[in-house]
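Student: I am new to this structure and would like to go through it slowly. Could we begin with the model itself and then take one topic after another?

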Amino acid sequence: MALAVAALFSWNKARRYRRPGHGRPHMDRTLIKYALTNIPAGQAVTVAGWIRTTRHSKGGFSFLTINDGSCMASIQAVADGKLANYADELVHLSAGSSVVVTGALAESPAKGQTVEIQASEVRVLGASDAATYPIQPKRHSFEYLRTQAHLRPRTNTFGAVARVRSALSFAVHEFFQQRGFLYVHTPIITTSDCEGAGELFRVTAMDLADLPRDPAGNVDGEQDFFGRPTFLTVSGQLEGETYACALGNIYTFGPTFRAENSNTPRHLAEFWMVEPEMAFCDLAGDADLAEEFLKFLFRVVLERCGDDMKFFNDRIDKTVIETLEHVTDSPFERITYTEAIDILAAADRSWDYPPRWGADLQTEHERFLAEETFAKPVVITDYPAQIKPFYMRLSDDGKTAAAMDVIVPRIGEIIGGAQREERLDVLEAQMKAQNMAPDDYWWYLDLRRYGTVPHAGFGLGFERTVQFITGMVNIRDVIAYPRTPRSADF
RNA sequence: UCCCCGAUAGCUCAAUUGGUAGAGCGAGCGGCUGUUAACCGCUAGGUUCUAGGUUCAAGUCCUAGUCGGGGAGCCA
């Protein structure tokens, strides 16, 4: 009976604390973002978090600035010297310590905040040694914070990045779900090793110290776990196409792996990609979706991440809010590759790589178009077929493919997409021209054998989107634990 | 992978022509204060990335490597 009563009590308690504004059921705490905005002065609250800074007054009280990650702002607690643990514990508190503070919300008499907590109790959960805590209350370089990736989310910048990234992830699903797209989980482990999207990571369960060999002396993939060589996916596109060609509109959102030895502020070996695929859709419809999608994401962060965006605008890049508002309000520029070449050739400036029809656009070309010529996102379509992968639809001119890149200022390519080749004979010819074995893609070709339809899709680099939105310069600082060549710490 | 730059106190950086290793912040202690980038004073803190080399003498010059940054390529 006593057990039943206790269970009922804790059930009620849990239910109560699942209201918005409250945290985990087993601890009665108010998120700081609600304490700062939604709760009237005079009401008692309990907040829990990590101390950012302390200011101890010899007058017999201390100011504790506490952050719990629920929002950009911290809340100030005033701890009076009369508290039982004041002399023993509280005057020794420093940055990084975890505390639970209970007290009445009060209008703050001083500048810097509108409300503060007059603490009636400050419970120290975990002290933090100020002499060795790696996150000092001062400015740190991003390079240094990368070496402290487990603690950097406690800083303003990385807390804001995490909140924006989360809001964006939700918005990705919101955008597609509202439009009836199905979320498809495409495989992480794949067997196709020539999708043309980059070098692959090998997946194996073989003993690397004692590799099985075939009679010719080569490593025998048939003796591996799957009975054939396997890799981490470089794209869910081909599998995505199969679901689009059954269910209409689909999207994927998951991790992607490229073993390229790329050392730039825009590349990761493990990154997240959003890949919608639409049946009964052509290149123009693909570009429409890309534009609508990006604008939706930008609008969401402007509306829902105001404090975080203000921080990025103040401290990281003074143009990000203006840029997002401008981009949201105006149509993307749309030009063909051929038009782009003409613009570049006519530009009054010198090029390290002179623009030439048939050659891929260089970074300097894309930046010129997105930053100087148009100063907004640019959709470039209809690239020469020979510089694009086999699956892109060959246009009637026989020279160009129905390809599409979206480039944005500062980041460059953020989306790459295409209308897919739906004609079996043309697709097979393209594969052979690129030294691919059509038999390896029998299932992909089946889509063209049985009820083929025009379809199109694209891939959005999720981290590059976060970079564009936040102004963060290095892609390693918009993902929790970046994986890059020679670097997979944590 | 290629080109350029860098590595000095816990962090961010100085150090003249090759000639005794410095500051700010942070930390500790003290003072002061409804403070909030707090302020004032004192103290501690160094194998100058690693391994070689040149030199009477190397943080500084040379070689190689490691790591980091920027640019390029590859791409999202």
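**The surface near the RNA**

Tutor: Seven elements each supply at least two residues of the surface near RNA strand B, and the model in which they are seen is a predicted one. They are the strands E1 (44-57), E3 (75-80), E5 (115-126), E11 (270-279), E15 (412-419) and E16 (455-461), together with helix H3 (142-146).

Student: Which element gives the most to the surface near RNA strand B, and with how many residues?

Tutor: In total, 50 residues surround RNA strand B, and the closest of them are Lys111, Glu116, Arg146, His267 and Arg464. The element that gives the most to this surface, with 4 residues, is E15.

Student: How do the residues of that surface divide into nonpolar, polar and charged, and how many are polar?

Tutor: The residues of the surface near RNA strand B include 15 that are nonpolar and 14 that are charged. On the RNA side, 48% of the atoms within 4 Å of the protein belong to sugar or phosphate, and the rest belong to bases. Returning to the protein residues, the number that are polar is 21.

Student: Which residue has a side-chain N or O atom 2.3 Å from a base oxygen of RNA strand B?

Tutor: It helps to sort the contacts by the part of the RNA that takes part in them. A phosphate oxygen of RNA strand B lies 2.5 Å from an N or O atom in the side chain of Gln362, while a sugar or linking oxygen lies 2.6 Å from a backbone N or O atom of Ile414. For the base oxygen, at 2.3 Å, the side chain is that of Lys138.

Student: In the closed barrel of 5 strands, what is the average twist from one strand to the next?

Tutor: The closed barrel runs E1-E2-E3-E5-E4, and its pairing is mixed. From one strand to the next, the twist averages 50°.

Student: Strand E4 pairs with E5, so to speak, but which residue in E5 is the bridge partner of Ala104?

Tutor: Strand E4 covers residues 98-107, and its pairing with E5 is antiparallel, over 10 bridges. The bridge partner of Ala104 in E5 is Gln118.

Student: Is Asn435 buried or exposed?

Tutor: Asn435 sits in the loop between helix H11 (424-433) and helix H12 (442-449), and its phi is near 60°, a positive value in a residue other than glycine. Because its relative accessibility is 75%, and a residue over 50% falls in that class, Asn435 counts as exposed.

Notes:
Residues are numbered from 1 along each chain as its sequence is written. Chains are lettered from A and ligands numbered from 1 in the order in which they are written. This is a predicted model: local features need pLDDT of at least 70, side-chain atom pairs count only at pLDDT 80 or more; totals for chains, interfaces and linings use all residues. Side-chain values use heavy atoms; hydrogens and water are left out. A residue is near a molecule or strand if one of its heavy atoms lies within 4 Å of it. A polar contact is a pair of N or O atoms within 3.5 Å; within protein, one must be able to donate a hydrogen and the other to accept it, and residues adjacent in sequence count only if both atoms are side-chain atoms. Ala, Val, Leu, Ile, Met, Phe, Trp, Tyr, Cys and Pro count as nonpolar, Asp, Glu, Lys and Arg as charged, and the others, Gly among them, as polar. Two strands pair if DSSP finds at least two bridges between them. Axes are lines fitted to C-alpha atoms, for helices over the stretch in contact, and angles run from 0 to 180 degrees between N-to-C directions. Buried means under 20% relative accessible area, exposed over 50%, partly exposed in between (1.4 Å probe, protein chains only).
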